[in-house]
Amino acid sequence: MTRPEFLHACCEVLGAMHVLTAPEDMAPYLTDWRGRFTGSAAAVLRPADTLQVAAVVALCAEAKVPLVPQGGNTGLVLGSVPDLAGNAVVLSLKRMNRIRAIDLVNNTITVEAGSILEEVQNAASKADRLFPLSLAAEGSCTIGGNLATNAGGTAVLRYGSMRDLCLGLEVVTADGKVWDGLRGLRKDNTGYDLRNLFIGAEGTLGIITAAVLKLFPQPKAQVTALAGLNTPQDALRLLAMAQATCAAGLTGFELMSACSVALVARHFPQMRTGFQDAHAQYVLLEISDSESEAHATAMLEAVVEEAMEGAVLCDAVVASSIAQSRALWSLREHITLAQAAEGKHVKHDVSVPISSIAEFIGQTDALLQQAFPGCRMVTFGHLGDGNLHYNVSAPEAMADEAFIQHQEAINLIVHDSAVRFGGSISAEHGLGMLKRDEIRRYKSDVEMELMTAIKKALDPHQLMNPGKVL
Ligand code: FAD
Ligand code: MLT
Ligand code: ZN
């Protein structure tokens, strides 16, 4: 099949208006969220339902056209954009955004892959349920992208990551068949776990078209507090106190370095901690409670009091209104935007055992300062999950462009350090193109062979998101 024949066949399946080939129409689909890479594609295809996805994937298989699945294009590792070859098609799932069913007894919601995360949260909330995945990109990322990256976010501590929130999947395989695995079962031991192969595969094994997701009871109250502390060690002490008092009620525990908070204040001056003095570290805590707001507030105040008495905290505020709680979360959620506004920087998404986090920060900060004196540590993230966005910005006196020329050396220091502590170089963002080569340094031959064998079995012609992950 020639390229014009292929595109013509796609138009027959999707309708010509959903086969984009003009450069200006394709442009938004070709550049990643951080603006770090622009790829090239033969077309952008916009199917409306699973059968259309299956039909175009079958056409791709026949014509040997690689395809790049895309949801909200908010991924941070260059997974959702095509490479420079120009022979791939981008398969945008965004038109597939229907909520197919809600089962209030089974506590599940069945949604299409292009559904925006925030809309799924809202649908759950309207049905008096909670869909707990929460991240700053929730207004534009999609369930398909969340599943394909096994997204984490700010409530993993209590509810787990996307893998833990999914019971069933519908997938179009690399040869264009539909696997209907939309089972709402919490227990199912019938052989290999196909669902968990596709989750976290970043579109390299198949196209996720729909999913059955878990719902939870709405908490009666959610209460937020912000604490100012001196060290990451103190943050770990605070975590232990909060867990002892609140147990599973502790839903969020986010660390923000002074530098992260200062960057937000610089680019979004209305966002402040409200503290009189600056602190070296900040922790945002959230608890969810099934009793009442008064009960939740009392618990959080007890944690703060105990931590103050133990000299673990320097200052703290427990939000007294929903507006104040939103403002505190907004500060946290604007760090990524503030970093983007500040300029280019070197981003990391590492995890280490929670017990090693303080030591990891201490040792790695020292190694970086030795190699790049004055570099700014925009360290923040999901401390309660052992996951840090350990981002490094240029020293004030150095241009970003010059600094990011050292990206490889910086990655080596940070990733070697994480792995020395038994950690991972990608906790929640995935590998994409960005970390595809680097992962080989850290995974054993056996692990790489097993991953390659799975890829070959499910995608023998290497058409599904080529050049990503492997
Ligand atoms: P895309 O970016 O479109 O795609 C991501 C990957 O999934 C690509 O490899 C793509 O090919 C594949 N893919 C997409 N849809 C499908 C599908 N239907 N079938 C198969 N493969 C598919 N991530 C976190 O984990 N935690 C956070 O806290 C977090 N915060 C963020 C904050 C900001 C401001 C931004 C910009 C990003 C953040 N992210 C976070 C990263 C990103 O939002 C997540 O990775 C998200 O899950 C991506 O969803 P998406 O729909 O945008 O996917
Ligand atoms: C976050 O936790 O805010 C994100 O994962 C985004 C980021 O790393 O910048
Ligand atoms: Zn994160």
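This passage describes the ligand sites, the zinc site and selected local features of a predicted model.

In this predicted model, local features are reported at pLDDT of at least 70 and side-chain atom pairs at pLDDT 80 or more, while totals for chains, interfaces and linings use all residues. Residues are numbered from 1 along each chain as its sequence is written, chains are lettered from A and ligands numbered from 1 in the order in which they are written, and side-chain values use heavy atoms, with hydrogens and water left out.

Ligand 1 is surrounded by 36 residues, of which P69, G71, T74, G75 and T142 come nearest; a residue is counted as near if one of its heavy atoms lies within 4 Å of the molecule or strand in question. Helices (DSSP runs of H or I, at least four residues) and strands (runs of E, at least two) are numbered from the N terminus. At least two residues of this shell are supplied by each of β3 (67-70), α5 (143-148) and β10 (206-214), and the largest contribution, 4 residues, is that of α5. The shell around ligand 1 divides into 13 nonpolar, 21 polar and 2 charged residues. In this classification Ala, Val, Leu, Ile, Met, Phe, Trp, Tyr, Cys and Pro are nonpolar, Asp, Glu, Lys and Arg are charged, and the others, Gly among them, are polar.

Oxygen atoms of ligand 1 are approached by both backbone and side-chain atoms of the protein. A backbone N or O atom of N73 lies 2.9 Å from a ligand 1 oxygen, and a polar backbone atom of G79 is 3.2 Å from an oxygen of ligand 1. From the side chain of N146, an N or O atom is 2.9 Å from an oxygen atom of ligand 1. On its own ligand 1 has 980 Å² of accessible area, and the protein covers 97% of it. Accessible areas come from the Shrake-Rupley method with a 1.4 Å probe, and for residues only the protein chains shown count as cover.

N73 is placed in the loop between β3 and β4 (89-92). Its relative accessible area is 10%, so N73 counts as buried (buried, under 20%; exposed, over 50%; partly exposed, in between; 1.4 Å probe, protein chains only). Although not a glycine, N73 has a positive phi of about 55 degrees. Most residues other than glycine have a negative phi. A positive phi of about 55 degrees is also found at N107, again not a glycine, which lies in the loop between β5 (99-103) and β6 (108-112).

The zinc ion (ligand 3) has as protein donors H382 (NE2), H389 (NE2) and E428 (OE), at 1.9 to 2.1 Å. Donors are N, O and S atoms within 2.8 Å of the metal (3.2 Å for Na, K and Ca), and sites may look incomplete because water is not among the atoms. The spacing of the donor residues in sequence is H-x6-H-x38-E. Distant parts of the chain are linked by H389, in strand β18 (residues 387-393), and E428, in the loop between α16 (407-420) and α17 (439-442), 39 residues apart. H389 is buried at 3% relative accessible area, and E428 is buried at 12%.

The residues around ligand 2 include the zinc donors H382, H389 and E428, together with L76, R332, T336, K347, F380 and H429. By class, this shell has 2 nonpolar, 4 polar and 3 charged residues. Oxygen atoms of ligand 2 lie 2.8 Å from an N or O atom in the side chain of T336, 2.4 Å from a polar side-chain atom of K347 and 3.0 Å from an N or O atom in the side chain of E428. Of the 270 Å² that ligand 2 exposes when taken alone, the protein buries 88%.

N196 lies in helix α8 (residues 194-198) and is partly exposed, with a relative accessible area of 23%. Its side chain makes a polar contact (a pair of N or O atoms within 3.5 Å; within protein, one must be able to donate a hydrogen and the other to accept it, and residues adjacent in sequence count only if both atoms are side-chain atoms) with the side chain of D193, at 2.9 Å.

The structure holds 0 disulfides, a disulfide being a pair of cysteine sulfur atoms within 2.5 Å. The cysteine sulfur closest to that of C246 is in C314, 20 Å away and too far for a bond. C246 is buried at 6% relative accessibility.
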